[in-house]
Amino acid sequence: MPTPGCQYTIRIRGRLGATALSAFPTMGSEIRGGETVLTGSLEDSSAVYGVLAQIEALGLELIELRQFCPPNDREP
Amino acid sequence: MKKVTVISAPPGSGKTSLLRAWSYHVTKDRRIAFMSVPRDQRDAQQFWLAVVDAIRQTDAIDDSRLPAAAPVFDGDAMVDAVHSALAKAAGVVVLVIDDLHELTSADALSQLEHLLSVLPTAARVVLSSRRDPPIRLHQLRLAGEVAELRADDLRFTASETRDLLAASRISLAEAGAAALYERTEGWAAGLRLAVISLSGHPDPDRFVDEFSGTDRAIGEYLMAEMLERQPVEVQSMLLRTSVADRLNGELADLLAGRPGCDRTLLALEDANAFVVSLDAQRTWFRYHQLLADFLRLELRRTLAEEVPDLNRKAAGWFADHGEIVEAVRNTLAAGDWPDAAELLADHLFSLTLDGQEGSVAALLRSFPARAAAEHPELALAHAAVQLAHGRLDEAASQLTQAESHLQSVPPARRGRRAVATASLRLALARRSGRFGDVVEQVKELDMSTADGLSDLIGSESELRAVALMNLGIVETWSGHFADAERHLTEGATLAEAIGRPYIEVACRAYQAWPSVSLATARRRGHEAIALAERHGWGDRPMLAPAFGALASIEVWVGEFAEGERLLQRGWDVVQPDVDPAVAVLLHVVTGMLHGGRGEHQSALEALTAAERAQSLLSGAHILGRVVAEWLAAAQAHLGLPDDARATLDRFSTDDDRMDAISLARAAISLAEGDPAGALAFLGDVRDFMPPQGFPAYALVEAQVLAGLAHLALSDRDAAAAAAEAALAAAEADRLIFPFAMYKAGGLLDILSRRQTAHSALLADVVDLLRGEAMPRIERGRRTPTEELSPSELRVLRFLPTNLTRPEIAQSLNVSVNTVNTHIRSIYGKLGATDRGTAVRQARELRLLALGRAAPSK
């Protein structure tokens, strides 16, 4: 399960145009070669699934998804 | 074809097109039931109703037994119904479920899994989904019964790509076709989009060059291209109509702001341009999800300021056409949470009556987190959802919020909101068994409805029907039978008039209570069950009161086997979280049945359970007194007189005469060997009255107990007189149960050599007490060729006795010749040759056992 405040990097094949990027209003975007890299923080797992569902719904091809979580010293 | 076919491939792979093309190959022996799961379907019942609808449209199945919408959804029963419909279908039925990935109800998925595991031989199922459906198929896979199609199987090959281009009259150089194939990797949606853009393109090869040279995400690129190639008015229509999940020409015209959109939609579907019609008449359409998602993004990007207004227009249209879930969804999309909350609150009952709690719950989740605080009318919807799930405490707290908000509701809406709140409050109080509160609320409701209800009948009739139903139910349980009768009849009539059969059945299920006459109650009970069965609701909890009441009637008249069958059906339909008021009824009838059969230990257990269920109700249940009486009687029979007295002390109240308690005290004395004490408790038995709403059993029971006491005191004349009086009191309804419960065989024996005016009844009672169960009627077996006339029935009653023909003639004050004529006629109609056969036939046909009631069919 992702912990709150985790950073995500999502690589998608192809250069996303303005319309497709508007599907990910909370994420920053960057074009690298023939790929689009989305970065941003996602609140919880349902936000992550929401982004994945958008990618799928738009017929985009997901190459990679990475999660970077800040160290959490309040482990239960 | 394998039993199950799974098509699992990403969006735009051509799954739906493949299925639709294949579905056209309908033959007489193979019919296709096609359904698409709508977006984000969380409601199991809605899913299954769509399945049922698809099956119904194949015309392969007699649809009278297929289920309809209901507030309480029983998934297993639904699967059974679908299963038996498929099993009975003429020829092979292929059930095609498209877009299965949109089904997010775990219940529905596991029900579907169950259906697949028990699929009838002649049925086939095709599942189409973007992902492998979360359904275990390994058993079927091992049996070689699963065919699977994946993205690779659906991909266009290079030569198919060339065929597609040729068929679309697009001339491309060989290199161009190859480049197009390479770039799209045979992705069906990509090729289709490319074809749409290429049709009529002035320089197709240049398009392919640019397309191949770009790094833009292929789907987005092609969608944008496709949209740009459309005439301006088509672009505008596509963008503006994308706010609706589904649309017809009228709605599209409204959103696009121009007429004639239906032609545009038809043309787009014909051009294979990601527009899909939803019905055979092609009046409803939806956009392919790839297109819909793209259009919504593009709309938000380019025409953001119009989005709320378009949603409002769609919401208004849906609301006007009774599509409340869609209306609320679009209102929410417009960001108009107060309006959405009002809309939801105003139509809540209608939604729950259609069994859409799942959709209501989903809509509630779409409100922002703070909405509950800002929009107190949502509390009503929350309360309904919680109540439907049996979470009574949560429902109560939501309802309290709804009530505290009521005064701030504008007067125009306050009336109906008050009725809605009061009805929910009633349902909650009823369900929690707080009859005291219910009675209070009944009064309040009567007041709040008196001034404003007459004008609500048109627009808010379903609220009124629900209110009447709840009123009638609590009035039944609290013994206000005249009011219950009035309200339930009115509720059922209204429900029928406004096409709410579920409420009609629920009202009628409570009208089998024998507060009228046994014959009327029996007829009503069977009618309620028949009505429910016509709608496929024969196994619904709402029928439990009808089954319980009918079972009690059969036990009263000594038809224990039939009573047991009906009682079992009653227990079968109730759910584990059974309404305690209904549980009291079923436990009491269980106790009656055991008591009548002399199984006093089992009777004691059942009646103890009844007392326990009763204790969950804070108000007095109408059955409370007989629970006390019969529990004490069972304890007395088992030699536990102190327990029996304790039972009576627990139940006794001072508020009115408790003949039932006196009867039990007499029974205890009798069991303790104190017949004089028993007679003292009975006093003047002639005015013993049953609790209101019961058959006239108290006098029968009092005379039986008095007779047994006299017999114990060796006063045979007094005993015989009491026995005759018991039979006289029992005759009208043939109340055999009291004789069975107190084992009155010895008492009745002293009558057998004396004159009695109730010989037929006496014979039946004696037979029952000797353990000679009356013969069972076999279903569909012989019926009298002609019904017996009333005077023949009167003579028939004497046939089981040892009276001679002259004696019968004397009893009936007719001539012997008349009796002979009647007997010849009876033999003829029953196909009997002698008195013994005639009596046996008459018993099997229940001509003797039904009392004065007409024989039921």
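**Figure 1. B:Ser359 in helix α19 of chain B.** B:Ser359 sits in helix α19, which spans residues 357-366 of chain B. In this predicted model, B:Ser359 has a relative accessible area of 12% and is therefore buried. Who keeps this serine company? Setting aside neighbours within four places in sequence, B:Ser359 is in contact with B:Asp43, B:Gln46 and B:Val325.

**Figure 2. Helices α7 and α9 of chain B, packed side by side.** Here we look at α7(B), residues 158-167, against α9(B), residues 188-198. The two helices pack at an angle of about 30°, and their axes are 11 Å apart. With angles under 35 degrees counted as roughly parallel, α7(B) and α9(B) are therefore roughly parallel to each other. The crossing of α7(B) past α9(B) is right-handed. On the α7(B) side, the meeting residues are B:Thr161, B:Leu164 and B:Leu165, while α9(B) brings B:Leu191, B:Val195 and B:Leu198. Sorted by class, this contact has five nonpolar residues, one polar and no charged.

**Figure 3. Helices α37 and α38 of chain B, running in opposing directions.** This view pairs α37(B), residues 697-712, with α38(B), residues 716-731. Their packing angle is about 165° and their axes are 8 Å apart. Since an angle over 145 degrees counts as roughly antiparallel, that description applies to α37(B) and α38(B). In contrast to the previous view, where the crossing is right-handed, α37(B) passes α38(B) in a left-handed crossing. From α37(B), the contact draws on B:Leu699, B:Val700, B:Gln703, B:Val704, B:Ala706, B:Gly707, B:His710 and B:Leu711. They meet B:Arg716 of α38(B) together with a series of alanines: B:Ala718, B:Ala719, B:Ala722, B:Ala725, B:Ala726, B:Ala729 and B:Ala730. How many residues of each class does the contact of α37(B) with α38(B) have? There are twelve nonpolar, three polar and one charged.

**Figure 4. Helix α41 of chain B, enclosed by its surroundings.** Ten of the eleven residues in α41(B), which covers 759-769, are buried, so this helix is largely enclosed by the rest of the structure. The buried residues are B:Ser759, B:Ala760, B:Leu761, B:Leu762, B:Ala763, B:Asp764, B:Val765, B:Val766, B:Asp767 and B:Leu768. Which helices do they pack against? Their partners in chain B are α30 (560-573), α38, α39, α40 (745-749) and α45 (835-844). Readers may recognise α38(B) from the helix pair with α37(B).

**Figure 5. Aromatic pairs, with two edge-to-face examples from chain B.** Over all chains, the structure holds 13 aromatic pairs. One of them joins B:Trp317 and B:Phe318 in an edge-to-face arrangement, 5.6 Å centre to centre with 80° between the planes. B:Trp317 and B:Phe318 are both buried. B:Trp630 and B:Phe737 also form an edge-to-face pair, with 5.6 Å between centres and 80° between planes. Because B:Trp630 lies in helix α33 (residues 624-637) and B:Phe737 in helix α39 (residues 737-741), this pair ties together parts of chain B that are 107 residues apart in sequence. B:Trp630 is buried at 4% relative accessibility, and B:Phe737 is buried with a relative accessible area of 1%.

**Figure 6. A cluster of rings in chain B.** Moving outward from B:Trp630 and B:Phe737, we find that ring pairs link them into a cluster. Its other members are B:Trp477, B:Phe481, B:Tyr510, B:Trp513, B:Trp556, B:Phe694 and B:Tyr697. B:Phe737, here part of the cluster, belongs to α39(B), a helix against which the buried residues of α41(B) pack.

**Figure 7. Chain A and its residue A:Ser29.** Chain A has two helices and four strands, and their order along the sequence is β-α-β-β-α-β. Of its 76 residues, 34% are buried. Among contacts in chain A with a separation of 6 or more, 66% come from residues 24 or more positions apart. A:Ser29 is found in strand β2, residues 28-32 of chain A. Is A:Ser29 buried or partly exposed? Its relative accessibility is 43%, so A:Ser29 counts as partly exposed. Not counting residues up to four places away in sequence, A:Ser29 touches A:Leu21, A:Val37 and A:Leu38. A:Thr9, 20 residues from A:Ser29 in sequence, is 9.7 Å away in space, C-alpha to C-alpha.

Terms used
Residues numbered from 1 in each chain as written. Chains lettered and ligands numbered in written order. Predicted model: local features only at pLDDT ≥ 70, side-chain atom pairs only at ≥ 80, totals over all residues. Heavy atoms only, no water. Axes fitted to C-alpha atoms, helices over the stretch in contact; angles between N-to-C directions. Parallel < 35°, antiparallel > 145°, perpendicular 65-115°, else oblique. Left-handed = near helix turned anticlockwise from the far one by under 90°. Contact = heavy atoms within 4.5 Å. Nonpolar A, V, L, I, M, F, W, Y, C, P; charged D, E, K, R; others polar. Buried < 20%, exposed > 50% of the residue type's maximum accessible area, 1.4 Å probe, protein only. Phe/Tyr/Trp six-rings, centres within 6.5 Å; stacked < 30°, edge-to-face > 60°.
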